[in-house]
Amino acid sequence: MSQLRSLAGALRSSSQWMRGQVGSGRRVFDPRRNCSSGAAEPSLAACSSSYVVEMYYAWLEDHKNVHESWDAYFRNAQASSSEETGEKHLSALLQGRAMSQTPAMSEKVVEDHLAVHTLIRAYQVRGHHVARLDPLGILTADLDSFVPSDLITSIDKLERVRMCPLLGSYGLEESDLDKSFQLPLTTFIGGNESTLPLREIIHRLETSYCGHTGVEFMFINNMEQCQWIRQKFETPGIMMFSDREKRTLLARLVRSTRFEDFLARKWSSEKRFGLEGCEVLIPALKMIIDKSSEAGIESVIMGMPHRGRLNVLANVVRKDLDQIFCQFDPKLEAADEGSGDVKYHLGMYHERINRETDKNITLSLMANPSHLEAVDPVVQGKTKAEQFYGGDTEGRRVMSILMHGDAAFAGQGVVYETFHLSELPSYTTHGTIHVVVNNQIGFTTDPRMARSSPYPTDVARVVNAPIFHVNADDPEAVMYVCKVAAEWRNTFNKDVVIDLVCYRRFGHNEMDEPMFTQPLMYKQIRKQEHVLKKYADKLISEGVVTLQEFEVCVSLYGNLITVSLCKHLFHSCCFPDFFKLDGEPKSMSCPSTGLNEEVLRHIGEVASSVPLKDFAIHSGLSRILRGRADMVAKRTVDWALAEYVAFGSLLKDGIHVRLSGQDVERGTFSHRHHVLHDQEVDKRFCIPMNHLWPNQALYTVCNSSLSEYGVLGFELGFAMASPNALVCWEAQFGDFQNTAQCIIDQFISAGQAKWVRHNGIVLLLPHGMEGMGPEHSSARPERFLQMSKDDPDRYPVNFEVQQLYDCNWIVVNCSTPANYFHVLRRQILLPFRKPLIIFTPKSLLRLPEARSSFDEMITGTKFLRIIPDGGPASNHPEKVKRVIFCTGKVYYELAKERKQLKLEEDVAIVRLEQISPFPFDLIKAEVEKYSNAELIWCQEEHKNMGYYDYIRPHFLTVRSKNPIWYVGRDPAAAPATGNKFTHLAELKRFLDTAFNLEAFKGRSY
Ligand SMILES: Cc1ncc(C[n+]2csc(CCOP(=O)(O)OP(=O)(O)O)c2C)c(N)n1
């Protein structure tokens, strides 16, 4: 029992384990060197031998007395021992040494073993720091040339001067090098041997961890995963390739290298961001794809930056070479519509047979903007959608590969955001393989200026992804890590990173002079032999290929490229079944978006109920549901119910609805409650929307991580996969959408024009001046409107559907729940897809006036682009003195004020619901109807914000002789005041002006 007590004491004071005992004459284990903070195996972090002896006795009493890793250790040792009891046994298991003679001797044996185990662990944890990763041999991939002092390197050379002190720091001596030591269960270097001489242990560890591969994985807090990786890298001989595999690798390197050579010769002055210096990327990707195909993957979705993109398209995705070459010829035009994009941004997909597995595989490379890493979440969203629609719930058939540059991977925050989506239930793609083309430079910037972390890949550690650094000039090492990465992904369904440490043979692009900024590096690069030459020489010397075979391989690919030059033009179409064969919509009309009353009522009733039995909901929620039932009985809807009915009705028609964003399940404003939580049973919840109809489509509503850039990108990718889905992203407040500005500008606004891809994503942006301060008031309508491709000076010929087809996105601010309902449904009933930006309300969610009747939603009704005045003013339009045009929530403030002032005969209020594309036709009708009235544009936003700059020229086109006057807040720098009093004073001031019929008298425009 005393042993147990002391064991408990030892376990409690774990800090003491780590401290070592300097100056006591005993071996010193420096915790900073020997113990990792996230130690997965406490047994190896423990540093006191007497403690081990105590532990051993405790274990003898009951195996459960010790941590499982100690249990495994002692069991392992016991298995190789013939003795069964006491110290004698301990002595025996530690290689049969007679330690029983004196306690000091037995301690020494234990300590030596612990030292060896610590040494093994040191290689596993830090071996990558000394791995020879840089092909140029001038930089160290971890930015630190210091060799960790607990690693004994170059054992073969027996550098006595260096090695002996190191052995000493472990308490070992040179004479120990030829002694055999028991190997712990946490290493596989022994192969079939359970003991090895120390010299061989060090040699094997060096081979596994300090060669051309550096494996970073010991931070992973999962024992099984660590063991899996150790086994993959430590087992002797495991990295060998067959002759056939080597020949395949050589042929792939030939393709990759010759492709760049050809482009360089043919179009020497064209930018193409060649792959020279990392030609191994092509065989690397092909290896990942082969291995994934072998594991059952049928579709691989890839995202990558500029570098090597054409090569990947040609040699991995297998885009026809003539299609690539046509882009180099300025006289040749692609057949697609749109403004197009530079050649190194375009994507494509291709279904083909994988030659290694003989299985079908679809390879897609997503189009992307210059904005590095922006495509990462988009790829993930698209991958998730393909998994979802294909019923691939575990990512067994569809997967993604993301490629990165080293500078961008370290520098761009969206990488981190994307990693944080990787294991969230509604966002996971069940493991992505990341490949970093680490050419150790970012444009002209050295790594030391580009990041603070040792490696560019450290960001991946947040999700416990293993990181395989590899010298890209060792093609076989690269192939091996790719093989392991694919196996990892398909075994554990988790992310993994391959860091291809390479160089860039030329400048940032082909026009660039790298010697200005990296003279030494580029002197070395000029001397650097090409990887293809090095590998071909290696295989020739090994007798795997002959020189003649190699030359034939090179010339065959050269011929293939030349033949491809004579053709050109390419065409692409998205959503093939949704559009006609030529990519045009099947019609140019939109059916009524109204619904049969029965359907309205049914959905309303489900929205007011709890479909599961014995499900206890919160009493506050019961009240809300009763309120909904009451509305349904009265044939009315509020905002939340209108949305519910829109979603529910689409689900009935087999349209998948996905709503994602921060706190969307309940709704930031606690109005939605699409997920009910049982108040009695933890984690029991119910989504009534999925209980509407027997064969309905699935409704996905998911609270996202606290990210805009990443999550909006993800949803955009999700929406790319199918036209038969309503994919909505809601900002917590519209103000936060600018964190995702790149996705909005580069993809949502310009995506179709650049890449000929339709996308029907819906952005729900809570917007409105309600005294909540400058960061909770504005979704910045002015920015969306400025980017609308809607010519203010040209009066269109066709409205409604054609106008929508011609625009880049639709911008609306609905003032009634019914109109919100219609615009959501119209999004799906349109014969094409356009992004839809909706400024959604906050206070209107509960405003009694802001309710709609079923009458506005039944069959035959539709979305109203404007809502004309329906009151007394419209009965005598010629008498009306002023027409106030407005949009959104301010309507209710204006209507209230008008009523109070009894100006309902004199002032008409017209609501603009669809702001862009601008409903010229309907506005014109209103302007003509109130022919004697002056026109006012009233907005609650500041003058330099909101809608004014957009609507003013549009109104001029409608009626050039009389201008439209502005009423609203004055210009400002911040979107709203933070002072409640000022907010109300501003409101009062502009409402006063809006109804002061003399305000603009005598003023000229
Ligand atoms: C978000 C973003 N910022 C800046 C740039 C300009 N830029 C283009 S390439 C480049 C360097 C990228 O370096 P790295 O990620 O290492 O990739 P490499 O070009 O070396 O392959 C920069 C800064 C960009 N394209 N995107």
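**Exercise 1. Find out how much of the chain is buried, and what its contacts look like.**

Let's start with burial. In this predicted model, buried residues make up 59% of the 1005 residues in the protein chain. Next, take the contacts with a separation of 6 or more: 79% of them are between residues 24 or more positions apart. Finally, look at the secondary structure, where the chain has 37 helices and 26 strands.

**Exercise 2. Work out the layout of the eight-stranded open sheet.**

Step one is the strand order. The eight strands run 3-9-10-8-7-4-6-5, and the pairing is mixed. Step two is to find the edges: strand 3 (213-216) and strand 5 each pair on one side only, which makes them the edge strands. Step three is the twist. Ignoring direction, neighbouring strands of this sheet are turned by 20° against each other on average.

Now add a helix. Helix 20 (residues 475-492) lies across strands 3, 7, 8, 9 and 10, and runs at about 165° to strand 9.

**Exercise 3. Describe strand 6 and its two partners.**

Begin with strand 4 (residues 299-303), which pairs with strand 6 in the parallel sense over four bridges. Here Met302 stands opposite Leu365 in strand 6.

Then turn to strand 5 (residues 348-354). This one pairs with strand 6 in the antiparallel sense, over seven bridges. Look for Tyr349, whose bridge partner in strand 6 is Ser364. Strands 5 and 6 form a hairpin with four residues between them, and Asp358 in the turn has a positive phi of about 65°.

Is strand 6 largely enclosed or not enclosed by the rest of the structure? Count the buried residues: five of the seven in strand 6 (residues 359-365) are buried, so the strand is largely enclosed.

For another parallel pair in your picture, try strand 7 (residues 398-405) and strand 8 (residues 432-438), joined by six bridges. Leu402 has His434 in strand 8 as its bridge partner.

**Exercise 4. Decide how helix 12 and helix 22 pack, and place Lys246.**

First, the geometry. Helix 12 and helix 22 (residues 531-542) pack at an angle of about 155°, and their axes are 10 Å apart. Angles over 145 degrees count as roughly antiparallel, so these two helices are roughly antiparallel to each other. Their crossing is left-handed.

Second, who meets whom? From helix 12 come Lys246, Arg247, Leu249, Leu250, Leu253, Val254 and Thr257; from helix 22 come Val531, Leu532, Tyr535, Ala536, Leu539 and Glu542. Sort the residues of this contact and you get nine nonpolar, one polar and three charged.

Third, zoom in on Lys246, which is found in helix 12 (residues 243-266). Is Lys246 buried or exposed? Its relative accessible area is 11%, and buried means under 20%, so Lys246 is buried. Leaving out residues up to four places away in sequence, Lys246 touches Phe241, Glu476, Tyr535, Leu539, Glu542 and Val544.

**Exercise 5. Do the same for helix 35 and helix 36.**

Helix 35 (residues 920-929) and helix 36 (residues 948-958) pack at an angle of about 65°, with 10 Å between their axes. That makes helix 35 roughly perpendicular to helix 36. The crossing is right-handed.

For the contact, pick out Phe920, Ile923, Lys924 and Val927 in helix 35; they meet His954, Phe955, Thr957 and Val958 in helix 36. The residues of this contact split into five nonpolar, two polar and one charged.

**Exercise 6. Track down some unusual backbone angles.**

Go to Pro917, in the loop between strand 24 (914-916) and helix 35. A cis peptide bond joins Ser916 and Pro917, with omega about -5°.

Now hunt for a positive phi in residues other than glycine. Glu373 has a phi near 75° and is found in the loop between strand 6 and helix 16 (375-389). With 6% relative accessibility, Glu373 counts as buried.

Arg635 also has a positive phi, of about 60°. You'll find Arg635 in the loop between helix 25 (619-633) and strand 11 (636-637). Is Arg635 buried or partly exposed? At 25% relative accessibility, Arg635 counts as partly exposed.

Methods: Residues are numbered from 1 along each chain as its sequence is written. This is a predicted model: local features need pLDDT of at least 70, side-chain atom pairs count only at pLDDT 80 or more; totals for chains, interfaces and linings use all residues. Side-chain values use heavy atoms; hydrogens and water are left out. Axes are lines fitted to C-alpha atoms, for helices over the stretch in contact, and angles run from 0 to 180 degrees between N-to-C directions. Angles under 35 degrees count as roughly parallel, over 145 as roughly antiparallel, 65 to 115 as roughly perpendicular and the rest as oblique. A crossing is left-handed if the near helix is turned anticlockwise from the far one by less than a right angle, and right-handed if clockwise. Contact means heavy atoms within 4.5 Å. Ala, Val, Leu, Ile, Met, Phe, Trp, Tyr, Cys and Pro count as nonpolar, Asp, Glu, Lys and Arg as charged, and the others, Gly among them, as polar. Buried means under 20% relative accessible area, exposed over 50%, partly exposed in between (1.4 Å probe, protein chains only). Two strands pair if DSSP finds at least two bridges between them.
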